Amino acid sequence: MTGPMVAVGGAGAGPSPSPPRIPASGDGTSVKAAEVDLSTSYLGRSLASPLVAAASPLTGDPDELRRLGEAGVGAVVLPSLFEEEVLAEEVGFAAAVEQGSGVFHEAVEYFPDLSAEKGVADRYLARLERAKAEVGVPVIASLNATSSGGWTRYARLLGRAGADALELNLYFISADPSRSAADIESEQLELVREVRSEAGVPVAVKLSPFYTAMANFARQVTGAGASGIVVFNRFYQPDIDLETMAVLPEVTLSRSADLGLPLRWTAILRPLLPPNVSIGLTSGVHTGSDVVKAVAVGADVVMVASELLAKGPTRLRALEAELREWLSGQGYSSIGQLRGSVSAASAEDPEAFERANYMKTLRSFELLGR
Ligand SMILES: Cc1cc2nc3c(=O)[nH]c(=O)nc-3n(C[C@H](O)[C@H](O)[C@H](O)COP(=O)(O)O)c2cc1C
């Protein structure tokens with residue numbers, strides 16, 4: 001067989017795309033790239049740039065954080081504090097006290113000196129304070145959790161320690177056949193309500209793409225008090241090592257091809273959610289063009305992890321420059337003029353984001369080299 005078997009359909013198929021439209025709010029006068037206004041608002045905060053460093057090991061490192069600040073990042077999301085870490089520590093503490101009290105009733109000095117040892121939550125709070133000092137832009141703390149309960153008081157600690165906002169990551173694999181979607185969703189909504197009421201700062205909820213009724217759930221999440229949603233979590237898929245037949249937990253970096261899913265859902269959700277609810281788009285943002293697309297479908301901020309992990313914080317400068325060049329080249333003087341101009345409410349063909357386009361796209365698929 002020679003050459004590629006198939007051509008890419010979908011975006012590449014059909015009539016050539018129409019030229020960019022200057023939204024009615026844009027005045028179309030030419031503005032130098034350096035002068036384009038990139039300011040945006042996210043979770044009630046004004047940001048100088050829509051480019052946000054998503055939660056990753058990069059944002060957990062003080063030196064990298066400083067570099068991100070120097071590269072013009074709009075805000076940073078710290079790596080998550082996991083519910084399991086907090087609970088494990090609490091269980092460990094209780095067990096240690098229990099053990100000590102059983103053996104030496106009055107000899108408190110035999111208790112392990114847990115107060116002297118910094119626990120996982122303390123370390124996280126210290127990391128938050130350090131991040132605030134290093135980066136000079138809003139710092140969003142992240143909680144990764146699946147269930148409500150007393151542990152959500154940590155949300156309050158993070159809010160009090162100076163987090164500008166919280167991101168609640170609802171990473172969950174629903175592998176228990178006895179639990180229905182409704183059960184899981186109602187538990188997650190309870191968690192959102194609890195974290196919201198504890199936090200004292202705005203809360204964004206980072207969703208996975210695996211909800212049957214995404215639009216409905218996203219609306220319920222904001223109804224439960226979330227000031228924003230982040231679409232989408234990337235799920236790390238295990239692989240199998242064929243030598244040892246062991247399951248390998250794989251963390252692979254994304255590609256621009258991964259952008260399609262959050263792009264579609266941001267476009268659909270933007271007009272369905274109240275205008276004061278922020279949307280952060282994450283997954284598959286690698287180029288300035290990716291950033292333009294994300295904002296065009298309605299993202300308030302565009303979150304980047306893989307690209308920065310691969311190329312370092314200075315890549316952010318290049319992304320910003322590409323974004324500025326594009327905006328200025330198309331006659332935009334601010335990013336606000338672009339935002340949402342291709343959401344499901346304003347796109348020339350809103351059905352392009354929904355099922356109606358499915359059959360057309362499949363039919364447009366062309367076989368090559370035959
Ligand atoms: C190594 C690594 C660690 C991550 N850690 C977290 C985390 O602690 N909390 C979280 O919510 N997301 C975490 N993420 C997900 C990213 O924040 C981001 O949402 C995801 O990677 C998609 O963006 P990307 O395509 O730019 O990588 C992590 C991603 C990577 C690659």
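These legends go with close-up views of a predicted model.

**View 1. Eight strands close into a barrel.**
Let's start with the barrel, and trace it strand by strand. The order around it is β3-β4-β5-β6-β7-β8-β11-β12, and the strands pair in the parallel sense. Leaving direction aside, neighbouring strands of this sheet are turned by 25 degrees against each other on average. If strand pairing is new to you, strands of a sheet pair through backbone hydrogen bonds, either parallel or antiparallel.

**View 2. Strands β4 and β5 pair up, with helix α3 lying across them.**
Here we zoom in on one pair from the barrel. Strand β4 covers residues 75-82 and strand β5 covers residues 139-144. How many bridges join β4 and β5? There are five, and the pairing is parallel. To find one of them, look for F82, whose bridge partner in β5 is N144. Now look for helix α3, made of residues 120-135: this helix lies across both strands and runs at about 175 degrees to β4.

**View 3. Helices α1 and α3 pack against each other.**
Stay with α3 and bring in helix α1, which spans residues 62-70. Two packed helices are described by the angle between their axes and the distance between the axes. For α1 and α3 the angle is about 35 degrees and the axes are 8 Å apart. Is this crossing left-handed or right-handed? The crossing of α1 and α3 is right-handed. On the α1 side you'll find P62, L65, R66, L68 and G69, which meet R130, A131, E134 and V135 of α3. Sorted by class, this contact has five nonpolar, one polar and three charged residues.

**View 4. Helices α4 and α5 make another packed pair.**
Helix α4 takes in residues 153-160, and helix α5 takes in residues 181-199. Their axes are 7 Å apart, at an angle of about 35 degrees. This crossing is right-handed. From α4, the contact uses R153, A155, R156 and G159, while α5 brings V195, E198 and A199. Three of the residues in this contact are nonpolar, one is polar and three are charged.

**View 5. A shell of 24 residues sits around the ligand.**
Which residues come nearest to the ligand? They are A54, A55, S254, A305 and S306. The elements giving two or more residues to the shell are β4, β5 and α9, the last of these being residues 306-311. Helix α9 supplies the largest share, three residues. As for the mix, the shell has ten nonpolar, ten polar and four charged residues.

**View 6. Strands β9 and β10 form a hairpin.**
This pair runs antiparallel, with four bridges joining β9 (residues 238-241) to β10 (residues 246-249). One spot to look for is D241, which stands opposite A246 in β10. Four residues lie between the two strands, and in this hairpin M245 takes a positive phi near 60 degrees.

**View 7. Two loops hold backbone details worth a look.**
In the loop between β8 (228-231) and β9 you'll find F232. The peptide bond leading from V231 to F232 is cis, and its omega is near 0 degrees. Next, hop over to L43, in the loop between β1 (40-42) and β2 (45-47). L43 isn't a glycine, yet it has a positive phi of about 55 degrees.

**View 8. Two stretches have pLDDT under 50.**
Averaged over the chain, pLDDT is 85, and 83% of the residues reach 70 or more. Where does pLDDT stay under 50? One stretch is residues 1-20, for which the model has 20 contacts beyond four places in sequence. Another is residues 100-117, with eight such contacts.

Technical notes:
Residues are numbered from 1 along each chain as its sequence is written. This is a predicted model: local features need pLDDT of at least 70, side-chain atom pairs count only at pLDDT 80 or more; totals for chains, interfaces and linings use all residues. Two strands pair if DSSP finds at least two bridges between them. Axes are lines fitted to C-alpha atoms, for helices over the stretch in contact, and angles run from 0 to 180 degrees between N-to-C directions. Two residues are in contact if their C-beta atoms, placed from the backbone, lie within 7 Å. A residue is near a molecule or strand if its C-beta atom, placed from the backbone, lies within 6 Å of it. Ala, Val, Leu, Ile, Met, Phe, Trp, Tyr, Cys and Pro count as nonpolar, Asp, Glu, Lys and Arg as charged, and the others, Gly among them, as polar. A crossing is left-handed if the near helix is turned anticlockwise from the far one by less than a right angle, and right-handed if clockwise. pLDDT is the predictor's confidence in each residue, from 0 to 100.
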